[in-house]
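Open your viewer and get ready to select a few residues. We will go one stop at a time, with a short note on what to look for at each.

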Amino acid sequence: METRSRVGAQASAVAGGRTAAGGSGVDGYLRAPFPWYGLDDAFTGERWLMQVATSTDGAVEHGSLGHGDEPSVRYEAAEDKERFAVVVTVADQPVRRSADGTGVLDATTVSSAAWLAGLGLLSYTWPLQMDHSLRDDWLEQQTETAWVLADDLESPAWTTLTLPVDGEATTFHYRESEFGWVLAGSTGDGVHLGAYGRGMSAYGLGFSAVEDIDAYA
């Protein structure tokens, strides 16, 4: 699994907004040397760009695509009526030297995708009964928990779920919480997939490589 410092530095690219960190609008996605994944054609709702994350040398490493309602932090909603699913695509990379040559980066794995998806869900979660001043402590605690869970995908916290990826049945690690769901798996196309959502059941989803990224712009 990737080191905490590296994934933590890229976490904002999973969480927020429609502006791509690795480029303006669709440009960051177009620079990726790997395919992006989203929900397949069975999903007919809104699609939107989120962000991509790049290494220090500018290489695109992972990014997210949104589907359904663009979520807000749960605290801000009087009622939790949002229905969304976000798909995180992570390049499958081996152990390698850092861009500045000062260290070694761990290989990306399914756990990397699970961690980024878990962090993404947390970014849109804020228990309604919690005081604003306590959220940082709560978020730090929940982030640590998500890290531990992602690092042990064989733990009882995870079940398995089989969903189609490019039409092929694929096994995912899956877990639910009071705030939504998270899943993670791998494709045969050189990437790991993570996903998270709320208000939209994961059981009926399917994934496919994105043929036209402009459909999300």
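Start by selecting the hairpin made by E9 and E10, which has 4 residues between its strands. In the turn of this hairpin, click on Gly-190, whose phi is positive at about 80°. Keep in mind as you go that this is a predicted model.

Now colour both strands of the hairpin. Strand E10 covers residues 191-198 and runs antiparallel to E9, with 6 bridges joining them. To see how the two strands line up, show Ser-186 and His-192 in E10, which stand opposite each other.

Next, add strand E8, residues 168-177, which pairs with E9 in the antiparallel sense over 5 bridges. Here, too, there is a hairpin: 2 residues lead from E8 to E9. For a marker on this side, select His-173, which stands opposite Ala-184 in E9.

Stay with E9 for a moment and switch on a surface. How many of the 7 residues of strand E9 are buried? The count is 6, so this strand, residues 180-186, is largely enclosed by the rest of the structure. While the side chains are showing, a general point may help: in a regular strand they alternate between the two faces of the sheet.

Follow E10 to Arg-198 and bring up Glu-82 as well. Their side chains meet in a salt bridge, with 3.5 Å from N to O. Glu-82 belongs to the loop between strand E3 (60-68) and E4, whereas Arg-198 is in strand E10, so the pair ties together parts that are 116 residues apart in sequence. Are these two partners buried or exposed? Glu-82 counts as buried because its relative accessibility is 13%, and Arg-198 counts as buried at 4%. The salt bridge count comes to 1.

From Glu-82, move on to strand E4, residues 84-91, and select Val-88 there. With a relative accessibility of 0%, Val-88 counts as buried. Try a distance label between the C-alpha atoms of Val-88 and Gly-66: it should read 9.0 Å, for two residues 22 apart along the chain.

For the last stop, turn to the surface and select Asp-41, Glu-211, Asp-212 and Asp-214. These residues gather in a patch of negative charge. Zoom in on Asp-212, found in the segment after strand E11 (207-209). Asp-212 counts as partly exposed, because its relative accessibility is 45%.

Methods
Residues are numbered from 1 along each chain as its sequence is written. This is a predicted model: local features need pLDDT of at least 70, side-chain atom pairs count only at pLDDT 80 or more; totals for chains, interfaces and linings use all residues. Side-chain values use heavy atoms; hydrogens and water are left out. Patches are made of residues with over 30% relative accessible area and no salt bridge: like charges are joined within 9 Å, nonpolar side chains (Val, Leu, Ile, Met, Phe, Trp, Tyr) within 5 Å. Accessible areas come from the Shrake-Rupley method with a 1.4 Å probe; for residues, only the protein chains shown count as cover. A salt bridge is a side-chain nitrogen of Lys or Arg within 4 Å of a carboxyl oxygen of Asp or Glu. Lys and Arg count as positive and Asp and Glu as negative; His and the chain ends are not counted. The place of a charge is taken as NZ of Lys, CZ of Arg, CG of Asp or CD of Glu. Buried means under 20% relative accessible area, exposed over 50%, partly exposed in between (1.4 Å probe, protein chains only). Two strands pair if DSSP finds at least two bridges between them.
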